[in-house]
Every structure is written in C-alpha cells, then in structure tokens.
Amino acid sequence: MIKYYKFDIGDGAMRRNGVHVDYLDSKGEWIEDRELIRKFIGGDTDFEEITEKEVLELINKRKKN
C-alpha cells in the first residue's frame, strides 16, 4: 500500500511503500532515496499524510513549471 506525505514546510512530497521511500523532485519525478526510511523508523517525521489526488495535483503543478 502506497502512502503519500507532504512536508510541513514548503510543497515537498514523499511516497512510501513499505521500506521503499521516494521524494518528488522539482520536475515532478519520483526519486528513490533509501536514507529517507530513517525518518520513519526513528519517528522523526514532520510529514502530513495526503491523498493520491493531492499528490497528483502537486506533480501536475511541478511539471507545468
């Protein structure tokens, strides 16, 4: 099950599928970053879970720029 998160500051986003974590780059592409899983394991998360619809809107916005 894929979950999506936004950062508490700015318009950054991540997606998580088990231990696989990607972040959304400025071009609207998903980039794998294995180090991000530490944020979830250590409990150091300042992320808000968002819907797939919300993340798709963010991707479209970034691809337009």
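The exchange below takes up helix H2 and the sheet in a predicted model.

Biologist: Why is Arg62 called buried?

Modeller: Its relative accessible area is 12%. Buried means under 20%, so Arg62 qualifies.

Biologist: What is Arg62 in contact with, leaving aside its neighbours within four places in sequence?

Modeller: Asp11, Gly12, Leu24, Asp25, Ser26, Lys27 and Gly28. Each has heavy atoms within 4.5 Å of Arg62, as contact requires.

Biologist: Where does Arg62 sit?

Modeller: In helix H2, residues 52-64.

Biologist: How do you know that the span of H2 is close to the one expected?

Modeller: H2 has 13 residues. At 1.5 Å a residue, 18 Å is expected from first C-alpha to last. The helix reaches 18 Å.

Biologist: What makes the buried residues of H2 line one face?

Modeller: The buried residues are Val55, Leu58, Ile59 and Arg62. Seen down the helix axis, they fall within an arc of 100°, so they line one face. In general, an α-helix has 3.6 residues a turn, so residues three or four places apart point the same way. On the other side of H2, Lys53 and Lys64 are exposed.

Biologist: What covers the buried residues of H2?

Modeller: The cover includes strands S1, S2, S3, S4 and S5. An open sheet of 5 strands runs in the order S4-S3-S2-S1-S5, with antiparallel pairing.

Biologist: Why are S4 and S5 said to stand at the edges?

Modeller: Each has a single partner strand, so one side of each is left without a neighbour in the sheet.

Biologist: How do you know that S3 and S4 pair?

Modeller: Pairing needs at least two bridges. Here 3 bridges join them, antiparallel. Tyr23 has Ile31 in S4 as its bridge partner.

Definitions and conventions:
Residues numbered from 1 in each chain as written. Predicted model: local features only at pLDDT ≥ 70, side-chain atom pairs only at ≥ 80, totals over all residues. Heavy atoms only, no water. Helix = DSSP H or I, 4+ residues; strand = E, 2+ residues; numbered from the N terminus. Buried < 20%, exposed > 50% of the residue type's maximum accessible area, 1.4 Å probe, protein only. Expected span 1.5 Å × (residues − 1). Arc of directions from axis to C-beta.
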